[in-house]
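Here's a quick briefing to read alongside the model. Have the sequence and the 3D view open as you go.

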Amino acid sequence: MQRLDARAQGAGGTLRMHPRARFLLQFDSIHPGRCPMTDITLTLPAPSPNPRAKAENACFLPADPYEIVVFRLDVEPDAVRASAALLSDAERQKANRFAFDHDRRRFIVARAQLRRFLAARLGVRPESVELIYGPRGKPALSRRFADSDLRFNVSHSEDVAVYAFAPGREIGIDVEAVREIRDADDIAARFFSRRECEAYRALDRHDRPLGFFNCWTRKEAFIKAIGDGIYYPLDRFDVSLSPGEPANILRVESTPGEDCEWRLHSFVPETGFIGAVVVQKFAHELASMAGPERIAGRSLPHR
């Protein structure tokens with residue numbers, strides 16, 4: 001194993017990277033500059049040219065670590081068939097409803113890999129993992145695994161999938177490919193809050209695509225974390241979106257972002273993509289806002 005250690009401001013964690021992954025991890029935080037220098041460790045299974053790891057302005061609180069795992073969905077046909085065998089009947093039926101082969105393949109591989117990741121953390125076989133769904137469709141482990149208290153979430157865009165795992169607290173994650181959208185301004189006017197729209201319109205035209213997807217992924221991660229999905233009114237909370245500025249929850253209804261029960265981080269899972277994760281604070285985090293939290297981000301090889 002090859003190891004690369006890097007120093008960065010206020011963030012720590014372990015990253016595992018496949019040579020093909022081209023993985024860049026970058027976390028932003030609601031409290032930049034408050035934590036001391038800590039170590040970031042990038043662990044590579046084989047030598048890789050120009051490996052990079054970057055984390056900046058990240059401040060975390062004392063708690064068990066949560067994980068972000070990045071996985072590529074463009075696998076060989078044999079791997080797709082093996083993945084399909086792990087799905088439930090309902091998941092296979094959903095897969096068969098996709099009109100395009102690439103969408104079907106991505107769904108199958110993403111769901112199967114979720115079962116593999118959960119199985120590894122639960123100490124069971126992937127086919128033994130049982131999932132249930134909340135009133136708004138958020139997946140969770142069945143009662144059989146209640147003692148683990150493991151919460152998770154998954155998202156994928158094109159062939160990049162991201163998974164989030166947290167013990168004892170809710171978590172939501174989203175990823176998007178950053179691209180030009182012809183009607184982005186109209187979408188922002190319809191779905192962003194007034195404060196977010198003002199920040200978006202103030203951006204230089206060249207910064208708007210990233211600003212748009214900063215906002216979109218952060219809002220999506222938030223509503224996935226709380227479990228309400230599209231049913232939660234998007235104008236009830238504000239997030240930061242300007243490129244180069246820390247990722248913040250600015251407001252949740254009448255509560256200022258720094259006092260709400262959620263923590264937001266933004267990250268880059270692969271060149272051309274942007275991701276966001278929202279995790280619930282523990283009770284002691286709400287009472288005390290000091291000290292470093294650990295976070296692990298990992299990019300894994302094809303399986």
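Where in the chain is the place of aspartate 149? Aspartate 149 sits in the loop between strand 6 and strand 7, and we'll come back to its backbone below. Keep in mind that this is a predicted model. Overall, the secondary structure comes to seven helices and 15 strands, and buried residues make up 51% of the chain's 303 residues.

**The chain as a whole**

- Take the contacts between residues at least 6 apart in sequence: 69% of them join residues at least 24 apart.
- The chain's accessible surface is about 14,600 Å², and carbon and sulfur atoms account for 49% of that.

**Salt bridges**

- As a reminder, side chains of opposite charge can pair when their charged atoms come close.
- The structure has 23 salt bridges in total, and a few of them are picked out here.
- Aspartate 89 and arginine 92 pair up through their side chains, with an N to O distance of 3.0 Å.
- That pair stays inside helix 2 (residues 89-96), where the two residues are three apart, or about one turn of the helix.
- Is aspartate 89 buried or exposed? Aspartate 89 counts as exposed because its relative accessibility is 54%, over the 50% cut-off.
- Its partner arginine 92, at 31% relative accessibility, counts as partly exposed.
- Arginine 115 and glutamate 91 make another salt bridge, with their closest N and O atoms 2.9 Å apart.
- Arginine 115 lies in helix 3 (residues 101-122) and glutamate 91 in helix 2, so this salt bridge ties together parts that are 24 residues apart in sequence.
- Both arginine 115 and glutamate 91 are buried.
- Glutamate 170 forms a salt bridge with lysine 138, and here the closest N and O atoms are 2.9 Å apart.
- This one links distant parts of the chain, 32 residues apart: glutamate 170 is in the loop between strand 8 (160-167) and strand 9 (171-177), while lysine 138 is in the loop between strand 5 (131-133) and strand 6 (139-141).
- Glutamate 170 counts as partly exposed at 24% relative accessibility, whereas lysine 138 counts as buried at 14%.
- There's also a network: salt bridges with shared partners join Asp103, Arg105, Arg106 and Asp159.

**Glutamate 196, a buried acid**

- Glutamate 196 belongs to helix 5 (residues 194-201).
- Why does glutamate 196 count as buried? Its relative accessible area is 1%, and buried means under 20%.
- What does the side chain of glutamate 196 reach at 2.8 Å? That would be the backbone nitrogen of serine 193.
- The side chain of glutamate 196 also has a polar contact of 3.0 Å with the side chain of lysine 219.
- Leaving aside residues up to four places away in sequence, glutamate 196 touches Cys215, Lys219, Phe237, Asp238, Val239 and Leu241.

**The largest pocket**

- Rolling a probe the size of a water molecule over the atoms shows where empty space is left.
- The largest pocket has a volume of about 730 Å³.
- How many residues line the largest pocket? The lining has 23 residues, and those nearest the centre are Lys94, Arg111, Gly137, Val154 and Lys224.
- Helix 2, helix 3, strand 7 (150-157) and helix 6 (208-226) are the elements that give two or more residues to this lining.
- Which element gives the largest share of the lining? Strand 7 does, with four residues.

**Positive phi outside glycine**

- For context, most residues other than glycine have a negative phi.
- Back to aspartate 149, then: its phi is positive, at about 55°, although it is not a glycine.
- Aspartate 149 counts as partly exposed, with 35% relative accessibility.
- Glutamate 158 also isn't a glycine, and its phi is a positive value near 55°.
- Where is glutamate 158 found? Look in the loop between strand 7 and strand 8.
- Glutamate 158 is partly exposed, since its relative accessible area is 44%.

How values were computed. Residues are numbered from 1 along each chain as its sequence is written. This is a predicted model: local features need pLDDT of at least 70, side-chain atom pairs count only at pLDDT 80 or more; totals for chains, interfaces and linings use all residues. Side-chain values use heavy atoms; hydrogens and water are left out. A salt bridge is a side-chain nitrogen of Lys or Arg within 4 Å of a carboxyl oxygen of Asp or Glu. Buried means under 20% relative accessible area, exposed over 50%, partly exposed in between (1.4 Å probe, protein chains only). A polar contact is a pair of N or O atoms within 3.5 Å; within protein, one must be able to donate a hydrogen and the other to accept it, and residues adjacent in sequence count only if both atoms are side-chain atoms. Contact means heavy atoms within 4.5 Å. Accessible areas come from the Shrake-Rupley method with a 1.4 Å probe; for residues, only the protein chains shown count as cover. On a 1 Å grid over the protein atoms alone, a cavity is a set of points where a 1.4 Å probe fits but cannot get out, and a pocket is an open set with protein on both sides within 12 Å along at least five of seven lines; lining residues have an atom within 4 Å of a point. Grid points are joined across faces, edges and corners, and a volume is the space filled by probe spheres set on the points.
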